[in-house]
Amino acid sequence: MLYNYLIIAIGYTNGSRQEKKMELRVLKYFLMAAREENITRAAERMHVTQPTLSRQLMQLEEELGVELFKRSKHSISLTEDGMLLKQRAQEMVSIEEKIFYDLSHKDDTLTGTVSVGCGETQTVNELFSLAASFREKNPNVAFEVYSGIADDIKLRIENGTVDVGLLTEPVDISKYDFIRMKQKDRWGVIMRDDCPLAEKEYIRPEELAEVPLIMARRESVKNEIANWFGGYYDELKTAANCDLLYNTIALVKSGIGSAICLEGLGIGEGLCFRPLMPPLETGSVLVWKKHRAISPAVREFIAHVKNA
């Protein structure tokens, strides 16, 4: 293996740093046990004996000083500490797998993975079109796509589980190198077909003053919306706050309110989208961590996007 354990700094005692070594092999045992919720089945899948797996898990709990599983006669389940370790262990195993994949070069053929984090924006069409043309030239490069809001994507970039992220502006990109994408997203209102405003071609600020609204949670986005509303912003009636488009659409369908959001990739039957007037558009940026070593596959994909 490229490395067999990760070193965890756990504080200072008498001026010296205390460290513990945690084997990735044991983390994989832990993840399998968490998935199967049964020690016997997990042991079978990992090709070890049940006593061996039980002993490894108990030693892991002793090393960390926490209880990771709630144990019953026929099953196990994660404690809160176990759920936290599961998240971190998945990140570490993912990074290990990515290292091996990225370094498995074959002659001069470009290989590896490009991990992309992206939110719900129409700019993904532009990005994925570039990914497709990149793979035509480099068929041995694979893409991994993670979806989430900007904060989730930035966290993944920081911990190394995502190489590049597609972020919707406004967003702080001071920590990143970036490429500004060409496509723009327009803001509007998603509403039910039976909403009186559905008859209009565009939606103006004053027409939303008495409408129950579903708004984005991000503070920077709220500021953008407030600037568009101007003096009408204080008259708004917020019915809910939501970030992901899928959940937002479900709220609109339920009748809780109409949603101010970016134009979606598909809103479904019974709903409609009406753009704002005056128009409000948002750009997106493809970002990656400054001063971080990147694999040849990621470097070539970034160059491909720049030259498009």
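This tour goes through one predicted protein model, stop by stop.

**Before you start.** Numbering runs from 1 along each chain as its sequence is written. The model is predicted, so local features need pLDDT of at least 70 and side-chain atom pairs count only at pLDDT 80 or more, while totals for chains, interfaces and linings use all residues; side-chain values use heavy atoms, without hydrogens or water.

**Whole protein.** Show the cartoon. The protein has nine helices and 15 strands (DSSP runs numbered from the N terminus: helices are H or I, at least four residues; strands are E, at least two). Switch to the surface. The accessible area is about 17,100 Å², with 49% belonging to carbon and sulfur atoms (Shrake-Rupley method, 1.4 Å probe; for residues, only the protein chains shown count as cover). Of the 308 residues, 44% are buried (under 20% relative accessible area; exposed is over 50%, partly exposed in between; 1.4 Å probe, protein chains only). Among contacts (heavy atoms within 4.5 Å) with a separation of 6 or more, 69% join residues 24 or more positions apart.

**Stop 1: Glu61.** Select helix H3, residues 50-64, and find Glu61 in it. Glu61 counts as buried because its relative accessibility is 11%. Now add Arg71. A polar contact of 3.1 Å joins the two side chains, Glu61 to Arg71 (N or O atoms within 3.5 Å; within protein, one must be able to donate a hydrogen and the other to accept it, and residues adjacent in sequence count only if both atoms are side-chain atoms). Beyond neighbours within four places in sequence, Glu61 also touches Val66, Glu67, Leu68 and Phe69.

**Stop 2: the cysteines.** How many disulfides does the structure hold? Zero (a disulfide needs two cysteine sulfur atoms within 2.5 Å). Select Cys261 and Cys242. The sulfur of Cys242 is the closest cysteine sulfur to that of Cys261, but at 9.5 Å it is too far for a bond. Next, pick Cys272: its nearest cysteine sulfur, in Cys195, is 7.4 Å away. Cys261 is buried at 10% relative accessibility, and Cys272 is buried at 8%.

**Stop 3: aromatic rings.** The count is six aromatic pairs (Phe, Tyr and six-membered Trp rings with centres within 6.5 Å; planes under 30 degrees apart are stacked, over 60 edge-to-face, the rest tilted). Select Phe143 and Phe301. They pair edge-to-face, 5.1 Å centre to centre, with 75° between the planes. Phe143 sits in strand S6 (residues 141-147) and Phe301 in helix H9 (residues 296-306), 158 residues apart. Phe143 is partly exposed at 23%; Phe301 is buried at 1%. Add Phe134 to complete one aromatic cluster with Phe143 and Phe301.
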